[in-house]
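Here's a quick walk through one protein model, written for someone who likes to have the contacts spelled out. Have the viewer open while you read.

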Amino acid sequence: MPDFDLVIRNANATTASDTFHTDIGIRDGRIVQLGLGIGPGVREIDAAGRAVTPGGVDAHCHLDQPMPPPTRNADDFNTGTRSAACGGTTTVIPFAAQQKGQSLRAAVEDYRARAEGKAHVDYAFHLIVSDPTPEVLKVELPELIREGFTSFKIYMTYDDMKLDDGQILDVLDVARQQGAMAMIHAENADCIEWLTKRLEAAGRTAPRFHAHSRPMLVEREATHRAIALAELVDVPILIVHVSGREAVEQIRWARAHGLSVFAETCPQYLFLTAEDLGIDDSYKGAKCVCSPPPRDKANQQVIWDALNDGLFTVFSSDHAPFKFDAPEGKKPNGEEVGFRHIPNGIPGIETRMALLWSEGVLAGRMTPHRFVELTATGPAKAYGLHPRKGSISIGADADLVIWDERDFILKNEQLHHEVDYTPYEGMRLKAWPGLTLARGEVVWDGRDFHAHPGRGQLLACGAPSLLPARRAA
Ligand code: DUC
Ligand code: ZN
Ligand code: ZN
């Protein structure tokens with residue numbers, strides 16, 4: 001009688017703190033034994049000494065998010081989580097977005113219906129609070145947090161989403177009372193609008209001018225303001241998609257002053273620059289239009305340094321998938337539009353882990369432990385999923401990646417999303433997940449995808465565990 005459903009033999013298990021040679025015994029989707037020479041499993045997989053890391057937790061991605069027509073996300077929970085699994089990500093946290101005038105609970109129920117029966121890997125939801133009415137602040141948000149939706153995003157830009165400073169203070173106050181994690185999109189909306197109008201008046205509407213309309217200053221100012229608002233309320237915050245030096249400096253300042261300010265960055269700020277939005281007026285640059293925009297090589301280095309020195313807790317994809325050549329994507333209604341009207345976002349849910357393993361760990365820029373911290377353990381802690389997720393330990397979900405080292409040129413045709421391009425087309429990579437295990441099931445074997453829609457479960461999140469409980473609320 002086998003002791004386990006599955007045993008991974010000869011793993012070079014790599015966690016946020018340790019590397020150890022072990023077999024991994026799995027029963028009922030969980031890790032139940034670690035050690036060499038453990039008993040037999042119904043199925044056995046030889047890791048042959050390869051690195052085995054926790055499955056990725058992609059804590060910032062957009063899947064089937066409701067938005068005004070004609071624009072539509074190219075990926076839903078089916079295709080988005082398929083793509084995630086093939087890239088080594090076993091948990092995703094997209095956003096249940098409240099529309100202005102909508103109840104927050106209605107937004108969650110709508111989003112729950114979009115996910116149910118479709119997801120291949122486990123998922124949780126962040127909330128997006130765009131209309132903090134008294135009912136939302138006093139009833140809906142506290143109730144939803146208690147039900148396991150323990151994080152929410154606040155926008156400082158985008159007309160249909162943004163909150164003013166008073167509203168932000170009100171929402172942060174709920175985060176403090178309930179021990180939730182507030183994520184902030186920090187860009188100054190009025191500065192962007194002012195710059196956009198001037199660029200438009202000068203006829204500068206090609207995709208590359210998107211970057212000119214959102215210089216680092218607008219991110220710096222909003223980051224500074226978000227930190228001040230959080231200080232006033234005395235609540236931890238997490239600044240999402242930090243793009244370069246100026247926002248990093250604000251976060252460093254906050255931390256040096258003892259404030260609990262956490263931060264996230266994304267692959268586009270390591271591997272793209274504003275030049276990817278175009279060096280001429282070509283519309284191809286629309287592929288890389290995202291906010292904040294990618295900066296320059298010097299800022300990429302600032303982000304690498306901050307990934308290594310602990311400034312960042314989370315490395316997410318910010319997968320915001322829009323087809324390039326499609327009327328519901330980057331060419332709204334089939335037209336090449338001015339940058340103001342180009343849907344913001346780039347795909348990356350499948351490439352996030354391999355880019356960082358390849359260009360970070362294997363290129364000698366980052367330790368494997370830091371890689372695990374940023375791609376799995378940190379996000380799991382930030383959003384109340386640790387140690388069930390983001391960990392190789394007894395009792396944790398058997399969400400694991402076995403890494404294959406091989407040189408290849410990345411092509412969009414290898415990927416499993418529904419987007420018709422990858423911003424990283426033609427990049428030489430040194431590794432890709434050779435196997436992804438989600439709760440003990442092989443969902444990706446390095447060649448083929450094996451899951452079925454509906455195997456992924458909605459996770460109830462606990463309190464963030466980045467801080468001692470006393471300091472968390
Ligand atoms: N913000 C995001 O978080 N994702 C996509 C685009 C954006 O502006
Ligand atoms: Zn954002
Ligand atoms: Zn996003």
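Leaving aside its neighbours within four places in sequence, which residues is Glu-328 in contact with? The partners are Pro-70, Thr-71, Arg-72, Phe-322 and Lys-323. Keep in mind that this is a predicted model. Glu-328 sits in the loop between E15 and H11, and with a relative accessibility of 19% it counts as buried. The cut-off for buried is under 20%, so at 19% Glu-328 falls on the buried side.

**The zinc pair**

That loop also matters for the metals. The zinc ion (ligand 3) takes its protein donors from His-60 (NE2), His-62 (NE2) and Asp-318 (OD), at 1.9 to 2.0 Å. Along the chain, those donor residues are spaced H-x1-H-x255-D. His-60 is in the loop between strand E6 (56-58) and helix H1 (77-86), while Asp-318 is in the loop between strand E15 (314-315) and helix H11 (352-362), so this pair ties together parts that are 258 residues apart in sequence. Both His-60 and Asp-318 are buried.

How far is the zinc ion (ligand 3) from the zinc ion (ligand 2)? The separation is 4.2 Å. For the zinc ion (ligand 2), the coordinating atoms come from Lys-153 (NZ), His-185 (ND1) and His-241 (NE2), at 2.1 to 2.2 Å. Here the donor spacing reads K-x31-H-x55-H. Lys-153 belongs to strand E11 (residues 151-155) and His-185 to strand E12 (residues 181-185), and this pair links distant parts of the chain, 32 residues apart. Are these two donors buried or exposed? Lys-153 is buried at 1% relative accessibility, and His-185 is buried with a relative accessible area of 1%.

**Salt bridges**

If you're setting up electrostatics, there's a fair bit to look at: the count comes to 38 salt bridges. Here are three of them, with the N to O distance for each.

| Pair | N to O distance |
|---|---|
| Arg-105 and Glu-143 | 3.4 Å |
| Asp-110 and Arg-114 | 2.9 Å |
| Asp-407 and Arg-428 | 3.1 Å |

Take the Arg-105 and Glu-143 bridge. Arg-105 lies in helix H2 (residues 104-115) and Glu-143 in helix H3 (residues 134-146), so the bridge ties together parts 38 residues apart in sequence. Arg-105 is partly exposed, with a relative accessible area of 23%, and Glu-143 is partly exposed at 33%.

Asp-110 and Arg-114 are another story: both lie in helix H2, four residues apart, about one turn of the helix. Asp-110 comes out partly exposed at 31% relative accessibility, and Arg-114 is partly exposed with a relative accessible area of 25%.

As for Asp-407 and Arg-428, both are exposed. Asp-407 is part of strand E16 (residues 400-409) and Arg-428 of strand E17 (residues 428-438). Some charged residues go beyond pairs: Arg-30, Asp-122, Arg-388, Lys-389, Asp-397, Asp-399 and Arg-439 are linked in a network of salt bridges.

**Nonpolar cores**

On to the greasy side. The largest nonpolar core has 109 residues, and the members touching the most others are Leu-141, Phe-152, Leu-172, Ile-237 and Phe-312. What does Phe-152 touch, leaving aside its neighbours within four places in sequence? Its contacts are Leu-127, Val-129, Leu-141, Ile-145, Val-171, Ala-175, Ala-180, Met-181, Ala-182 and Met-183. There is also a second, separate core of 22 residues, with Phe-95, Ala-97, Ile-128 and Phe-262 among them.

**The largest pocket**

Last stop, for anyone with docking in mind. The largest pocket has a volume of about 1,100 Å³. Its lining has 44 residues, and the closest to the centre are Tyr-158, Asp-160, Arg-340, Ile-342 and Asn-344. The elements giving two or more residues to this lining are E11, helix H5 (189-201) and helix H6 (209-213). Which element gives the largest share of the lining? H5 does, with five residues. E11 is a familiar name by now, as Lys-153 lies in that strand.

Key:
Residues are numbered from 1 along each chain as its sequence is written. Chains are lettered from A and ligands numbered from 1 in the order in which they are written. This is a predicted model: local features need pLDDT of at least 70, side-chain atom pairs count only at pLDDT 80 or more; totals for chains, interfaces and linings use all residues. Side-chain values use heavy atoms; hydrogens and water are left out. Donors are N, O and S atoms within 2.8 Å of the metal (3.2 Å for Na, K and Ca); water is not among the atoms, so sites may look incomplete. Buried means under 20% relative accessible area, exposed over 50%, partly exposed in between (1.4 Å probe, protein chains only). A salt bridge is a side-chain nitrogen of Lys or Arg within 4 Å of a carboxyl oxygen of Asp or Glu. A nonpolar core is a set of buried Ala, Val, Leu, Ile, Met, Phe, Trp, Tyr and Cys residues joined through side-chain atoms within 4.5 Å. Contact means heavy atoms within 4.5 Å. On a 1 Å grid over the protein atoms alone, a cavity is a set of points where a 1.4 Å probe fits but cannot get out, and a pocket is an open set with protein on both sides within 12 Å along at least five of seven lines; lining residues have an atom within 4 Å of a point. Grid points are joined across faces, edges and corners, and a volume is the space filled by probe spheres set on the points.
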